[in-house]
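User: I am new to this structure and would be grateful for a close look at a single part of it, the pairing of the strands. Please explain each term as it arises.

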Amino acid sequence: MCRTTLFRIYRATFIVGLWLSFVGLAWGHTFPDHQSPGAGSVLSVSPQFVQIWFDGDLEPIFSTINVEDAEGHVIAKAAVAPRQSDTTLLQVQLPTLSHGIYQVKWSIVARDGHRTKGQYTFIIKSSP
């Protein structure tokens with residue numbers, strides 16, 4: 001084989017290896033699997049909890065959830081309980097909420113050390 005061909009093979013191998021290392025980093029993050037109430041939900045009654053299940057185990061001490069009203073006031077906040085049996089669940093108990101728009105903000109650290117955060121809203125409609 002000539003030197004040019006070997007160089008091209010090494011270069012291609014390096015590029016593929018580099019690409020695969022970045023893909024591996026993306027796969028390492030933990031993301032929401034489902035939540036209750038769901039993102040964009042319109043409810044007729046106040047839920048008792050906001051619950052988010054993730055696709056991997058969470059580090060309790062570094063994982064939090066806040067629920068805010070439309071003005072940005074924190075209505076409820078919580079962290080994962082240290083001895084909680086479901087280590088993929090982030091939840092907070094809510095007081096009785098009146099009609100309005102509520103924003104859920106969460107921040108988690110997965111067991112592999114990666115931090116992820118996000119937010120979504122749900123609405124409680126007024127009674128007729």
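Analyst: Two strands are said to pair if DSSP finds at least two bridges between them. The strands themselves are DSSP runs (E, at least two residues), numbered from the N terminus. The model is predicted, so local features need pLDDT of at least 70 and side-chain atom pairs count only at pLDDT 80 or more, while totals for chains, interfaces and linings use all residues. Residues are numbered from 1 along each chain as its sequence is written, and side-chain values use heavy atoms, with hydrogens and water left out.

A suitable starting point is strand S7 (residues 100-109), which is joined to strand S4 (residues 64-68) by 5 bridges in an antiparallel arrangement. Within S7, Ser107 stands opposite Thr64. S7 is also joined to strand S8 (residues 115-124), again antiparallel, by 10 bridges. There, Gly100 has Ile124 of S8 as its bridge partner. S7 and S8 form a hairpin with 5 residues between them. In its turn, Gly113 has a positive phi of about 95°.

A separate description applies to an open sheet of 3 strands, ordered S1-S3-S6 with antiparallel pairing. Its edge strands are S1 (32-36) and S6 (89-93), each of which pairs on one side only. On average, neighbouring strands of this sheet are turned by 10° against each other, direction ignored; the axes are lines fitted to C-alpha atoms, and angles run from 0 to 180 degrees between N-to-C directions. S1 is joined to strand S3 (residues 49-54) by 4 bridges, and the two run antiparallel. In this pair, Pro32 stands opposite Phe54 of S3.

In a regular strand, side chains alternate between the two faces of the sheet. The strands also contribute to the largest nonpolar core, which has 19 residues. Such a core is a set of buried Ala, Val, Leu, Ile, Met, Phe, Trp, Tyr and Cys residues joined through side-chain atoms within 4.5 Å, where buried means under 20% relative accessible area (1.4 Å probe, protein chains only), exposed over 50%, and partly exposed in between. Val50, Leu90 and Val104 have the most contacts inside this core. The elements that give two or more residues to this core are S3, S4, S6, S7 and S8. S7 provides the largest share, 4 residues.
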